Amino acid sequence: MATTAIRPTPPPLTDPLPTTPRQARVALILIAALAALLFTWNISHSQYHPFYADSVRSMTESWKAFLYGSFDPGNTITLDKLPGFLWPQALSARLFGFHPWALALPQAIEGVLSVLVLYRAVRTWAGVEAGLLAAGAFALTPVVAGLFRTSVEDPAFTLLLLLAAGATQRAARSGSTRTLLLAGLWVGLAFQAKMLEAFAVLPVLAVVYLLSAPPALRRRVVQLLLAGVVTLAVSASWVLLVTLTPAHDRPYVDGTTDNSAVSMVVGYNFLNRFSSVGLSAADTGSISAVRNGGAAPEGAAADAAGPGGAHRHATAEAATTAGSTPAFGQQPDGWNKMFAGPLASQTGWLYPLGGLALVFGLYQRRRAPRTDVRRAGFLLWGGWLATYLLVFSAGSVGGHTYYMGVVAAPLAALSGAGVVLLRQAHRAGGRAAWALPAVVAATAVWGAVVARDYPRFLPWLAPVLLLLALVAVVLLLVGRFARAGLAVALVAMLLAPAAWTASVFDPAYGRSGMGAVGPVAVGPKHLPPAAKAEEQSLAAVWGQGSQRLTGSQRGLLSYVESHRGGARYLFATTSWSTASPYILATGAAVLPIGGFTNEVPSPTLHAVQQNIAAGRLRYVLLTTAPQGHSGSSGVRPAQAGVAPLSAPANGPMGGPTGGRPAPGTAAARTAAWVARSCRPVPTADYGGGVTGQQLYHCSLAQV
């Protein structure tokens, strides 16, 4: 009977700074504590990501909303994402109450766990010191400090992919079917957090196992097929649940025209993001939400996960004032976007170290046996890094800095192992001894180039990096000072990302809901006067404004509550951002029309009329049009005693500033009918009204 040999764990790479197990534990605890401090700093002043926070609030109101990821407490429409990443936030809110910090806490915990999981994975591959260096480099990466302070998908996604990579690494070493199936489970759960983006790393994991695991080829293939079944089953679970549930028993699927979870996953959240390379979601039953690499035409929906045109304009001006490259949507949107502008400053300080370590490691192990653990590790982490660099270079990133967590993780792993490997080669002598000084110099020069784009933020950084690199190279070339040279080299390579990361402690740079830190996440205090009004109009939506209802909103809420009778819905509105403050503050059953983009055909005008006829809805809150212009929604100009007029509000992503729906949509048809047929409520009846909005009373007689 054939047997499978289990390879003994190879000795760790030569340690540049040998540590005892106790020292390693202490170092790891300190790194984890630093990560926890970075991720939780000022957590009591956390702010909502309203669109996602609305859903979390709804999830705390009912388990049905929790299961389906409903945007509204009335369970009429889902998020435009799978809800898995919000489940920890909803559970935290149920446990601690609905507060911004309760929603931020799970992400901070996921961040600390990510640091520990990365350490474990690199330790089993390249030794304790490599694991510690990788964990430290990861925690000190600017985007990581920003990522795990946000309430978006990527904290959970990054953690789950790290768990999958660690399990694959262990399976490739031992040939264990159970461990490989566990890797498939983690990828499936990552799908629940970020959908098809999780599958990008699957070929890398499969190839690494197929090439390096000890079992016979046939067994390896069978094991991979079984792991694929597990991955598919876990990944498809929510989609199958929604697909098999009758439409009238569940919320409408946002982002789609056909109420299909498959359309939302494949078309809206995948194909839309690769329009710049010729992919189209036009025939998938989904809303076309991202165009031309993430830049939305005027009046159109932009990327479904973050700020668009108006915010880009504001932050561009802010960046000029702060002496930095523009943030968010202003970075290059071509194939070089990962190596320029905000994405490089948030993620890429260690590109030379990680990239050269990968090349050097693969070259050194080129003649090793097929099952070589070292080479398998370089293939895994290098393949992961290359895959997501390619995906983000081709796809739409816009200003979503937090996407970069899955780039920072493999880059940190390669950097940690690379330092140890390069130090080993340096101590061995010969031509390879020049690799470490060369990598230190290249990393410092690259850091100075990146820092040069931000001349007024830490202006001392670039010259200090170059000076430290020069000292490190000299010390490394003088053999008896090699240990001191290595210490200086580590400072030279880690100083820049650490300095940027430390900006989370500086209130001058605010915080970014997009996962950025430093001048890329410039706060309102840095905005020039021309941009402040625009920033303030977005503040309530993107977490920079008050988390409580304004006096005008409270007046409207009190009026509607006292006059709604037995109506199920407080009111209907054609903008999710109009509904948002009422959902966040009270958990009220507001009926949103049009979903996130205002272009979703749900509920239809007929459905709204049926709700009115049945007494389930009595009020509709619309955005008013500018004077002398009826607007795309058909809302009449202002009348005496009716809401004051406002400028066009076609903001990003279907109007987070309260914008009107696009012509021809269900939301636009509903708004036009309401404006023609329903009675405008005088603003004096509810305290003067909310600027730019008009409340209408609709009755059975008007249907």
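This report describes the fold, the nonpolar cores, one small strand arrangement and a few individual residues of a predicted model.

Residues are numbered from 1 along each chain as its sequence is written, and side-chain values use heavy atoms, with hydrogens and water left out. Because the model is predicted, local features need pLDDT of at least 70 and side-chain atom pairs count only at pLDDT 80 or more, while totals for chains, interfaces and linings use all residues.

**Overall figures**

The protein has 25 helices and 5 strands; helices (H or I, at least four residues) and strands (E, at least two) are DSSP runs, numbered from the N terminus. Of its 703 residues, 61% count as buried, where buried means under 20% relative accessible area, exposed over 50% and partly exposed in between (1.4 Å probe, protein chains only). The exposed surface of the protein is about 25,600 Å², and carbon and sulfur atoms supply 63% of it; these areas come from the Shrake-Rupley method with a 1.4 Å probe. Among contacts with a separation of 6 or more, 72% join residues 24 or more positions apart, a contact being heavy atoms within 4.5 Å.

**Nonpolar cores**

A nonpolar core is a set of buried Ala, Val, Leu, Ile, Met, Phe, Trp, Tyr and Cys residues joined through side-chain atoms within 4.5 Å. The largest one holds 167 residues, and Trp381 and Trp384 touch the most other members. Helix H17 (residues 405-428) gives the most to this core, with 14 residues. Beyond its neighbours within four places in sequence, Trp381 is in contact with Leu118, Ala121, Trp125, Leu162, Ala165, Gln169, Pro410, Ala413 and Leu414. Another core, of 18 residues, lies apart from it and includes Ile612, Leu617, Ala671 and Trp673.

**Strand S5 and its partners**

Strand S5 (residues 693-697) is largely enclosed by the rest of the structure, because 5 of its 5 residues are buried. In a regular strand the side chains alternate between the two faces of the sheet. Both faces of S5 are covered, with Gln693, Leu695 and His697 buried on one side and Gln694 and Tyr696 buried on the other. Two strands pair if DSSP finds at least two bridges between them. Strand S3 (residues 619-623) runs antiparallel to S5 and is joined to it by 5 bridges, with Thr623 opposite Gln693. Strand S4 (residues 679-680) also pairs with S5 in the antiparallel sense, over 2 bridges, and here Pro680 stands opposite Tyr696.

**Individual residues**

Gln107 is placed in helix H5 (residues 100-126) and is buried, with a relative accessible area of 0%. A polar atom of the Gln107 side chain lies 2.5 Å from the backbone oxygen of Leu103. Leaving aside neighbours within four places in sequence, Gln107 is in contact with Gln89, Phe148, Thr150, Ser151 and Pro155.

Two asparagines have a positive phi, as tabulated here.

| Residue | Phi | Loop | Relative accessible area |
|---|---|---|---|
| Asn259 | near 60 degrees | between helix H11 (217-244) and helix H12 (261-268) | 14% (buried) |
| Asn598 | near 65 degrees | between S2 and H24 | 1% (buried) |

Pro603 lies in the loop between strand S2 (591-592) and helix H24 (605-613). The peptide bond from Ser602 to Pro603 is cis, with omega near -10 degrees.

Notes
Polar contact = N/O pair within 3.5 Å; in protein donor to acceptor, adjacent residues only side chain to side chain.
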